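Biologist: Please take a close look at a single part of this model and describe it in the setting of the whole chain.

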Amino acid sequence: MFFHQIGALLSDDMVGKRVCLRGWIYRRSVVGGKAFVRVRDSTGVIQVVVDEAVLGEELVKTLKDIGLEASVEACGTVTKQPRAPTGYEVVADYFRILGYSRDFPIKGGEGVEYLLDNRHLVIRSPKYAAIWKIKHTILDAGREWFKKDGWWEVTPPILTASACEGGATLFPVQYFEKQAYLSQSAQLYLEVMIFSLEKVWSLTPSFRAEQSRTRRHLAEYWHLEAEAAWYDMNDMMRVVESLVSHIVNRVLEERRRELDALGRNVDSLKTAVETPYPRVKYDEAIEILQKKGVDIKWGSDLGADEERLLTQEFDRPFFVTHFPKEVKSFYMKLDPEDPRVVLGFDLLAPEGYGEVVGGSQREDDYDKLLQRIVENGYNVDDYKWYLDLRKYGSVAHSGFGLGIERLLMWIAGLEHIRDAIPFPRFRGRIYP
């Protein structure tokens, strides 16, 4: 018995052919002596019609009361049926229940916490299948871009001895007789790798023990990061916009069906394919916000609310650059023309989504980097190896980090970042 995937059956070319399929019951109803069973697999949903005149009254009676998500297999003839949910159905001459499902706990209308407790069942739905497929294409397109542009993929560690972004958001772990931390970013290790490979990138999980629980924050997320020797800030911004443009274009080409299923307005994504992206200095961003009535002063960091307001000014992703040094990390290079600010940038997605990429030119001078480490109150001994990079053949270099789930959240038009990852981790949530 040869089983077709359901997605392959949703075509006029298949009408009149006898096929076999298998999957899980997504919806079902019984009218008269017929059961109308919507079966889903990883590729789509199709209605299977089970007629008691063909397959018996007992089977139709069983299907009337069967639980959702029971696994089944069926064979029959494909017909075109405009009233069917996907326009096609299979009139069954064979139907078998493989795995029963008793009282499936997701019935609709449940609260967020209940759904998170049952996440292992919730994410079976076609909605999440569409999200995971878009995410797959994002990852595949990112890897494709780096390969074509001559970058090397590397594998930095997840366990680290020191902080990258600040000690307040570290997850400590016991490492034999010592204390170590889960990585906040691969950046410092990628900087090591540029001295042998020049242009490197990695895709790793990152961990941030932030206390905030907003629609944009996760404690564990996937981090696409890159670092390149000889690149200044502007060089790296060009890399970022080319990469993001390529990813969006691939999703539009390959995942239109999934975007439509999620109700995404694809017209708003098409502008993101066009580069270069606008560039706005922090000073100008503050002026824009002040004109909008926001009580913000120079030197303040941009939070989610401020970023959302800024995105109203643009119909595509845009860069904010030259932030005050006090609100950015110690490794960012100070602007020689204005040492109050760093040569750093954030890429903000439009439609209120905000930051999806953060990057900078790195400080390549030993003494200046040492001073910044001390100013931030870090233990210099923890960064001896990192400082060594500035002692032995230091070069100008830059890099960035892209949050995969934040990028997916924007591209797919999701309301909350928890829907961008199968098992979201944030404050108070580690189950299942």
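Biologist: What percentage of the 432 residues in the protein chain is made up of buried residues? With that as background, which residues of H5 meet H7, and which meet H14?

Modeller: The model is predicted, so local features need pLDDT of at least 70 and side-chain atom pairs count only at pLDDT 80 or more, while totals for chains, interfaces and linings use all residues. Residues are numbered from 1 along each chain as its sequence is written, and side-chain values use heavy atoms, with hydrogens and water left out.

Buried residues make up 51% of the 432 residues in the protein chain, where buried means under 20% relative accessible area, exposed over 50%, and partly exposed in between (1.4 Å probe, protein chains only). The chain holds 14 helices and 18 strands; these are DSSP runs numbered from the N terminus, helices being H or I with at least four residues and strands E with at least two. Its C-alpha atoms fill a box of roughly 85 × 50 × 45 Å along the principal axes. Of the contacts with a separation of 6 or more, 67% join residues 24 or more positions apart, contact meaning heavy atoms within 4.5 Å.

H5 spans residues 126-148 and packs against H7, residues 233-254, at an angle of about 135 degrees with the axes 9 Å apart. Axes are lines fitted to C-alpha atoms, for helices over the stretch in contact, and angles run from 0 to 180 degrees between N-to-C directions. H5 and H7 are therefore oblique to each other; angles under 35 degrees count as roughly parallel, over 145 as roughly antiparallel, 65 to 115 as roughly perpendicular and the rest as oblique. On the H5 side, Ile134, Thr137, Ile138, Asp140, Ala141, Gly142, Glu144, Trp145 and Phe146 take part. Their partners in H7 are Val239, Ser242, Leu243, His246, Ile247, Arg250, Val251 and Glu254. By class, this contact has nine nonpolar, four polar and four charged residues (Ala, Val, Leu, Ile, Met, Phe, Trp, Tyr, Cys and Pro count as nonpolar, Asp, Glu, Lys and Arg as charged, and the others, Gly among them, as polar).

The axes of H5 and H14 come within 10 Å and cross at roughly 120 degrees, and these two helices are therefore oblique to each other as well. Ile131, Ile134, Lys135, Ile138 and Leu139 of H5 meet Ile404, Glu405, Leu407, Leu408, Ile411 and Ala412 of H14. Here the classes are nine nonpolar, no polar and two charged residues. Ile134 and Ile138 are thus named in the contacts of H5 with both H7 and H14.

H14 covers residues 404-412, and nine of its nine residues are buried, so it is largely enclosed by the rest of the structure. Among the buried residues are the charged Glu405 and Arg406. Gly413 follows H14 with a positive phi, near 70 degrees.

Two further residues complete the surroundings. Glu258, in helix H8 (residues 256-261), counts as buried because its relative accessibility is 9%. Leaving aside residues up to four places away in sequence, Glu258 touches Ala130, Lys133 and Ile134. Leu402 lies in strand E18 (residues 397-403) and is buried, with a relative accessible area of 1%. With the same sequence neighbours left out, Leu402 touches Trp222, His223, Leu224, Leu243, Val244, Val356, Val357 and Leu407. Of these, Leu243 also appears in the contact of H7 with H5, and Leu407 in that of H14 with H5.
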